[in-house]
Amino acid sequence: MSYAIIGLGKIGTAIAQAFARQGIEVAVAGRRPLDALAAQIGPSLTPRRIEDALKADVVILAMPFAAHRDIGLAAESWQGKLVIDATNAFGVPPEELGGLPSTAALAKSFPGAKVVKAFNHLPAGVLAQGARTPQGGRRVVFIASDDDAASASVAALVERLDFAPIELGKIGEGGLLVQARGNTWGQLVFQDLARFNSSK
Ligand SMILES: NC(=O)c1ccc[n+]([C@@H]2O[C@H](COP(=O)([O-])OP(=O)(O)OC[C@H]3O[C@@H](n4cnc5c(N)ncnc54)[C@H](OP(=O)(O)O)[C@@H]3O)[C@@H](O)[C@H]2O)c1
């Protein structure tokens, strides 16, 4: 399984640091060359052009929500890929999204891909603190998708990154708890939770 992160700003860097800590190879791409920043984060990051990074099996969207159409158009095909939506559409009016949950609206730009919402509910500075909390728990990452297998697959990745996954169900159901859209935040956004009952 190959991975890519699009956007190496605040949240993209926090996610990339989680990959780097586990030594998991990941391509990173943005509008500008990312060689220096990628080298600073860790040797498991490879800077790529956006078009090349989008060849990965799993593409993590960590750029502004408004850029999703451009990214969708930049790949030859999304068929069979897994797209992880870490964006938030705070400030984007619901009517601009056709009344859909933000991740469902975004998914229209990635035809054929399985789309999973994850890594979006915590401030980047909190996610960047890593998977382990000072109290000895594992920091929770919420996951929502209309595709159960894709949700499980992202939960396995979250485990590999040492965080504690919690699957919330479908994007239009549990996913609404971690959605930002218009001028509202879902009830679980900003909730920095930890799991203590794990054998890991
Ligand atoms: N910051 C947080 O605490 C946080 C937490 C959860 C979710 N989010 C969400 O994550 C997304 C990114 O937020 P952020 O705070 O990380 O923003 P940011 O620090 O401004 O970083 C955005 C990154 O995306 C890149 N980018 C912008 N337009 C692009 C495009 N068309 N194609 C490829 N890359 C592009 C930027 O590159 P340039 O620098 O070259 O423009 C930058 O590296 C947003 O949707 C935000 O709502 C943020």
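**Overall fold, core and helix α7**

In this predicted model, 67% of the contacts between residues at least 6 apart in sequence join residues at least 24 apart. The protein contains seven helices and 12 strands. Its radius of gyration is 16 Å, close to the 16 Å that the globule rule gives for 200 residues, so the protein is as compact as a globular protein of that length. The C-alpha trace spans about 40 × 35 × 30 Å along the principal axes, and buried residues account for 45% of the 200 residues.

A good place to begin a tour of the interior is the largest nonpolar core, which has 62 residues. Within this core, the members that touch the most others are Ala4, Ile6, Ile15, Val28, Ile60 and Ile84. Helix α1 (residues 10-22) makes the greatest contribution to this core, with six residues. Val28 shows what such a position looks like: leaving aside neighbours within four places in sequence, Val28 is in contact with Ile5, Leu8, Ala16, Leu34, Ala38, Leu45, Pro47 and Ala53.

Attention now turns to helix α7. This helix covers residues 148-160, and at 1.5 Å a residue its 13 residues should span 18 Å; the end C-alpha atoms are 18 Å apart, in agreement with that expectation. Ser151, Ser153, Val154, Ala155, Leu157 and Val158 are the buried residues of α7. An α-helix has 3.6 residues a turn, so residues three or four places apart point the same way. The buried residues of α7 pack against four strands, namely β5 (82-85), β7 (114-118), β8 (138-145) and β9 (164-167). After α7 comes Asp162, which has a positive phi, near 85°.

Methods
Residues numbered from 1 in each chain as written. Predicted model: local features only at pLDDT ≥ 70, side-chain atom pairs only at ≥ 80, totals over all residues. Helix = DSSP H or I, 4+ residues; strand = E, 2+ residues; numbered from the N terminus. Rg over C-alpha atoms; globule rule 2.2 N^0.38 Å. Buried ≥ 20, exposed ≤ 12 C-beta atoms within 10 Å, placed from the backbone. Contact = placed C-beta atoms within 7 Å. Core = buried A, V, L, I, M, F, W, Y, C linked by C-beta atoms within 7 Å. Expected span 1.5 Å × (residues − 1).
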